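Colleague: Thanks for making time for me today. Could you walk me through this model, one question at a time?

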2 protein chains.
Amino acid sequence: MVTITDIAVRCNVSRATVSKALNGHSDISAETAANIRQAAREMGYLPNATARTLKLGRSHNIGVLFVDKTSSGLGHEYFSQILESVKQEAEKSGYDITFISRDIGGLSMDYYEHAKYRNCDGVIVASVDFTDPAVIKLVNSDIPTVTLDYVFDSHSAVLSDNVGGMAELVRYVYGKGHRRIAFIHGEFTSVTQKRLGSFHRTCSELGLTIPDEYIQPATFHDPKSSGLATRRLLELKERPTCILYPDDFSFIGGMNELEKQGVSIPEDISVAGYDGILLSQVLRPRLTTYRQDAEAMGREAARALVEIIERPKEWIPRQTMIPGRLLEGDTVRTIE
Amino acid sequence: MVTITDIAVRCNVSRATVSKALNGHSDISAETAANIRQAAREMGYLPNATARTLKLGRSHNIGVLFVDKTSSGLGHEYFSQILESVKQEAEKSGYDITFISRDIGGLSMDYYEHAKYRNCDGVIVASVDFTDPAVIKLVNSDIPTVTLDYVFDSHSAVLSDNVGGMAELVRYVYGKGHRRIAFIHGEFTSVTQKRLGSFHRTCSELGLTIPDEYIQPATFHDPKSSGLATRRLLELKERPTCILYPDDFSFIGGMNELEKQGVSIPEDISVAGYDGILLSQVLRPRLTTYRQDAEAMGREAARALVEIIERPKEWIPRQTMIPGRLLEGDTVRTIE
DNA sequence: CGTGGTAACTTAATCGATTTCGAAAATTAC
DNA sequence: GTAATTTTCGAAATCGATTAAGTTACCACG
């Protein structure tokens, strides 16, 4: 490997001079600097990120905390899109991405220790159990963090507009003439709480009274539980005219159940999903859903984190709300 | 941060002694070593991976090269599962995962340079254009690499058994009585070539003559193109009785097209997918497909790479074939 | 008692890059 | 022509950990 020393030898200058020239310091003559840069190019010099990190205490490396418990981690398109987007944005600012986990090779460390061990300049936290003490320790540590879809006091977060999204969805459905709207929700996370709250508030704003049985619990990303919830709804004396699912993928379970019972979409019942993943747009009829802008979420999270890292003085905790967009499909029919 | 020096001061020994004690060298008395370890624990000492990397020339960091060109990267469940699995296995051996890309923050580097810059001990290459000169440069460099679903001469690779998988699928369908089997294949990659070759060979072994029109080109992970291919098949004078799709997700396009034309699965036509992603198992009727063992692929790739890294002498290039498994769903009906 | 051996540490160099401080050389000022 | 600046560069310390080589001190053996 070509090092700064090799260049110094060839150019007959000191290592200090090479370093300065390569970093554009002003106390190196233009001529010398040009020489050195030329030599560096010719010799195929690459800075050694490790040495730089050690000396400067900055790794230009961002940790990401994505936990894949079968369903909600990378397996979920929403999160894999966020990850991809975080990566792309981070790269623009010269940062690489490393996964943070516990128990790296025998040494059992918690998230914070792992991030420290790797000298991460910051960590993006998503798709985890935010009540996990290890996560809380990390977030409250000296390492800058940005959380996704969850807010810790006095910390930066990027949030999908679950409240606005759900409101828009309900209003859209209402506008189509639906009055008996059911909502199958995911497990009790802050996301679910927001959507559920928004659902209730919007309904009441619209003057709708939603019977308790129209609110059915299920699990995110789990068609089976959504299928069961769907069945419970179909068994009601007064069936809803529209069902909102926890997410697009879960809707598959509802779709199956409806098919099985001979209830067709949207003639007999209307449905809507949430997320706007690719699948929702290739199904026929196309699923009406609320698209979460995963690309923007990842981008903004990366930007926010880089800002904390690079301008820690000016920084103040900030929550960035990312709006989504209603994707009108063909699964909500108009009722006169 | 607690460093080795802090411990040395507190224990009244030299830094060398601390280092040796912590690494279990034999020339430190049991008593001293115990003292030092105790102090390290109490002080919350964490080794600094960066310093270690710089000194030892080993980063315990593995690069992964996954390119997400809209469809085939992380967006594909197959690859995100592989990634997750690589990560888990690598962690067991004490390695972290970093994404490798080009153009990291202004500096434009190719994959090799990036991996060098970050001192990656090795790189896992998947889901890329294997004819890309930058990829070839990386693979032929001094950095150990393991490729997935592609073989470079004298290099280690982990392969999904596309030949065996396709053969099994065809034989299964044949066993169900089908003689007019169509195959919609993905774009021309080595994977497609293998599947296509295996399809032809197996058919001929079974004494089947497949008309050219039964082989239809499409694109992986693209329901639209598969939908069009499906339509072309349906327009044939003599329709196939069974259609094999390039992958499960693409099948959605076929499903839509069949639905539209009033052709029902599996009564009027049989279908099968490939991959065995979650989606295939939640659709109703459940999709008959060939499950690629992504978890094993990732695991074996990580193992192979770690072996090259840690035992470079004993290592010889090796191709590991990962068998899959037929998932019998309800989309292939029996024909008498 | 002297020599050799060993256990237990320490010293100091090293990995590659950055940066402070100082020094020499060149330029300007008077 | 001398003093004061400025320009340009180098020496050396530093980041945290590892390790080869050297140094004690102690013990054993002939």
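**Between the two protein chains**

Modeller: Happy to, and I'll start with one pair: A:Arg118 and B:Asp96 join their side chains in a salt bridge, with N to O at 2.5 Å. Please keep in mind that this is a predicted model.

Colleague: How many salt bridges does the rule find across the interface of chain A and chain B?

Modeller: The pair of A:Arg118 and B:Asp96 is in a salt bridge. Polar contacts are also counted between chain A and chain B, giving 23 residue pairs with both residues at pLDDT 80 or more. For salt bridges across this interface, the rule finds two.

Colleague: Which elements of chain A give two or more residues to the side that touches chain B, and how does that side divide by class?

Modeller: The elements are α4, β1 (61-66), α5 (77-92), β2 (96-99), α6 (111-117), α11 (248-260) and α12 (278-282) of chain A. By class, that side of chain A has 23 nonpolar, 17 polar and 12 charged residues.

Colleague: What area is buried between the chains, and which three residues of chain A supply more of its share than any other three?

Modeller: In contact terms, 52 residues of chain A meet 52 residues of chain B. The area buried between the two chains is about 4400 Å², and carbon and sulfur atoms give 62% of it. Of the area that chain A buries against chain B, 14% comes from three residues, more than from any other three: A:Phe99, A:Tyr117 and A:Arg118.

Colleague: How are the two copies related, and which C-alpha of chain A is nearest the axis?

Modeller: Chain A superposes on chain B, with an RMSD of 0.1 Å, after a rotation of 180 degrees with 0.0 Å of shift along the axis. The two copies are therefore related as by a two-fold rotation axis. In chain A, the C-alpha nearest that axis lies 2.2 Å from it and belongs to A:Thr98.

Colleague: What percentage of the contact residues of chain A recur in chain B?

Modeller: Both copies use the same surface, and the share that recurs is 100%.

**At the DNA**

Colleague: Let's turn to DNA strand D. Which side-chain contact with a phosphate oxygen of this strand is at 2.8 Å?

Modeller: A:Ser14 reaches a phosphate oxygen of strand D with a polar backbone atom, at 3.0 Å. B:Arg52 uses a polar side-chain atom instead, 2.9 Å from a phosphate oxygen of the strand. The side-chain contact at 2.8 Å is that of B:Ser19.

Colleague: How many residues are around strand D, and how do they divide by class?

Modeller: There are 28 residues around strand D, and A:Thr17, A:Lys20, A:Ser29, A:Thr32 and B:Ile4 come nearest. Of the strand's atoms within 4 Å of the protein, 57% belong to sugar or phosphate. By class, the residues are 11 nonpolar, 10 polar and seven charged.

Colleague: And for DNA strand C, which residue has a backbone atom 3.3 Å from a base nitrogen?

Modeller: Some contacts go to phosphate oxygens of strand C, including one at 2.5 Å from a polar backbone atom of A:Ile4 and one at 2.9 Å from an N or O atom in the side chain of A:Ser19. The backbone atom 3.3 Å from a base nitrogen is an N or O of A:Ala51.

Colleague: Which elements give two or more residues to the surface near strand C?

Modeller: The strand is surrounded by 27 residues, with A:Ile4, A:Tyr45, A:Arg52, B:Thr17 and B:Lys20 the closest. The elements you ask about are α2 and α4 of chain A together with α2 and α4 of chain B.

Definitions and conventions
Residues numbered from 1 in each chain as written. Chains lettered and ligands numbered in written order. Predicted model: local features only at pLDDT ≥ 70, side-chain atom pairs only at ≥ 80, totals over all residues. Heavy atoms only, no water. Near = heavy atom within 4 Å. Polar contact = N/O pair within 3.5 Å; in protein donor to acceptor, adjacent residues only side chain to side chain. Nonpolar A, V, L, I, M, F, W, Y, C, P; charged D, E, K, R; others polar. Contact = heavy atoms within 4.5 Å. Buried area = accessible area lost by both parts, 1.4 Å probe. Salt bridge = Lys/Arg side-chain N within 4 Å of Asp/Glu carboxyl O. Helix = DSSP H or I, 4+ residues; strand = E, 2+ residues; numbered from the N terminus. Least-squares fit on C-alpha atoms with pLDDT ≥ 70 in both.
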